[in-house]
Amino acid sequence: MSLTWNTRVEIPADVDIIRDITLRAFGRQVEVDFLDALRADPIAWLPGLSIVATSPDDHPVAYSLLTRCHIGDTAVLSLGPVAVLPAYQKQGAGGASVMAALATARDRGERSVVVLGHADYYPRFGFRQATEFGIHHPQYDGPNLMALVLDGHAVPAGDLVYPVNA
Ligand SMILES: CC(C)(COP(=O)(O)OP(=O)(O)OC[C@H]1O[C@@H](n2cnc3c(N)ncnc32)[C@H](O)[C@@H]1OP(=O)(O)O)[C@@H](O)C(=O)NCCC(=O)NCCS
């Protein structure tokens with residue numbers, strides 16, 4: 001089932017709700033700690049790229065985050081965490097938050113996005129295997145590492161450098 005979802009940039013009142021969404025979606029603390037570390041890092045965190053999809057009463061139910069990372073010396077974005085409250089999964093909320101985050105990044109002139117996630121979920125947004133671009137992760141090389149071109153230019157090849165490790 002796919003519904004139309006409202007999306008918006010997070011507001012301060014959302015921060016604890018987003019932590020709760022992340023905890024309940026993943027069922028463990030690791031991704032919440034990662035999210036907190038990204039939020040606290042002045043290089044990684046870019047205001048305006050933390051996006052929620054909301055229920056009709058404006059309560060966040062899904063979340064997508066884009067943060068700064070680099071491929072070699074080139075600034076790109078990293079997508080994640082992406083999380084949806086279990087009761088709202090597979091209803092389009094996650095997809096809506098991802099698409100809103102990517103559209104915002106494109107509007108800001110960002111060039112490309114990488115994600116380490118489900119290899120059968122992110123291709124629907126245009127992500128392709130990172131190996132096609134010659135992109136390498138410091139700890140992982142496999143089908144879950146993907147990249148997306150936002151601006152029509154080639155994604156640079158090289159090694160990913162993250163300010164915060166997952
Ligand atoms: C993965 C997740 C973000 C997807 O968001 P969602 O709102 O449930 O999914 P959407 O409604 O946008 O899209 C539904 C589609 O995604 C697929 N999908 C959902 N969860 C998936 C998963 N874990 N792996 C692969 N595909 C998945 C569904 O099968 C469905 O496919 P279809 O359109 O071909 O029928 C969400 O289910 C979630 O939070 N899961 C737990 C946390 C997680 O795994 N986060 C992502 C880490 S990479």
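**Entry 1: Asp 58**

I opened the notebook at Asp 58, which counts as partly exposed at 41% relative accessibility. A note to self before going on: this is a predicted model. I then looked up where Asp 58 sits, and found it in the loop between strand 2 (50-54) and strand 3 (60-71). Its backbone caught my eye too, since Asp 58 has a positive phi of about 70 degrees although it is not a glycine.

**Entry 2: Lys 90**

Next I turned to another residue with a positive phi. Lys 90 is not a glycine either, and its phi is near 60 degrees. I traced Lys 90 to the loop between strand 4 and helix 3. Is Lys 90 buried or exposed? I read a relative accessibility of 79% for it, and the cut-off for exposed is over 50%, so Lys 90 counts as exposed. That value takes only the protein chains as cover, so I kept the ligand for a separate look.

**Entry 3: the ligand and its neighbours**

Which residues come nearest to the ligand? I found 18 residues around it, and the nearest are Lys 90, Gly 92, Gly 94, Gly 95 and Tyr 121. So Lys 90 turns up again here, as one of those nearest residues.

I went through the backbone atoms that lie by oxygen atoms of the ligand:

- For Lys 90, a backbone N or O atom lies 2.7 Å from a ligand oxygen.
- For Gly 94, I read 2.8 Å between a backbone N or O atom and an oxygen of the ligand.
- For Val 84, the distance from a backbone N or O atom to a ligand oxygen is 2.9 Å.

How much of the ligand does the protein bury? I noted that the ligand taken alone exposes 860 Å², and that the protein buries 69% of that.

**Entry 4: the pocket and the shell**

I checked where the ligand sits, and the place is the largest pocket. Which elements each supply at least two residues of the shell around the ligand? I listed helix 1 (15-26), strand 4 (74-84) and helix 3 (93-107). Sorting the shell by class, I got eight nonpolar, seven polar and three charged residues.

**Entry 5: along strand 4 and helix 1**

Since strand 4 helps to form the shell, I walked along it. I came across Pro 81 in this strand. A cis peptide bond joins Gly 80 to Pro 81, with omega at about 0 degrees.

From helix 1 I picked Ala 25. At 26% relative accessibility, Ala 25 counts as partly exposed. I then looked for a partner far off in sequence: Leu 85 is 60 residues away from Ala 25, yet their C-alpha atoms are 5.4 Å apart.

**Entry 6: Glu 110**

I moved on to Glu 110, in the loop between helix 3 and strand 5 (112-116). Is Glu 110 buried or exposed? Its relative accessibility is 11%, and buried means under 20%, so Glu 110 counts as buried. What does its side chain meet? I found a polar contact of 2.8 Å between the side chains of Glu 110 and Arg 68.

**Entry 7: Gly 134**

My last stop was Gly 134, in the loop between strand 6 (128-129) and strand 7 (135-136). Gly 134 is partly exposed, with a relative accessible area of 24%. I also took down its distance to Val 155: the two are 21 residues apart in sequence and 8.9 Å apart from C-alpha to C-alpha.

Definitions and conventions
Residues numbered from 1 in each chain as written. Predicted model: local features only at pLDDT ≥ 70, side-chain atom pairs only at ≥ 80, totals over all residues. Heavy atoms only, no water. Near = heavy atom within 4 Å. Polar contact = N/O pair within 3.5 Å; in protein donor to acceptor, adjacent residues only side chain to side chain. Areas by Shrake-Rupley, 256 points an atom, 1.4 Å probe, with all protein chains shown as cover. 1 Å grid on protein atoms, 1.4 Å probe; cavity = no way out; pocket = protein on both sides within 12 Å on 5 of 7 lines; lining within 4 Å. Sits in = over half its atoms within 2 Å of the grid points. Helix = DSSP H or I, 4+ residues; strand = E, 2+ residues; numbered from the N terminus. Nonpolar A, V, L, I, M, F, W, Y, C, P; charged D, E, K, R; others polar. Buried < 20%, exposed > 50% of the residue type's maximum accessible area, 1.4 Å probe, protein only.
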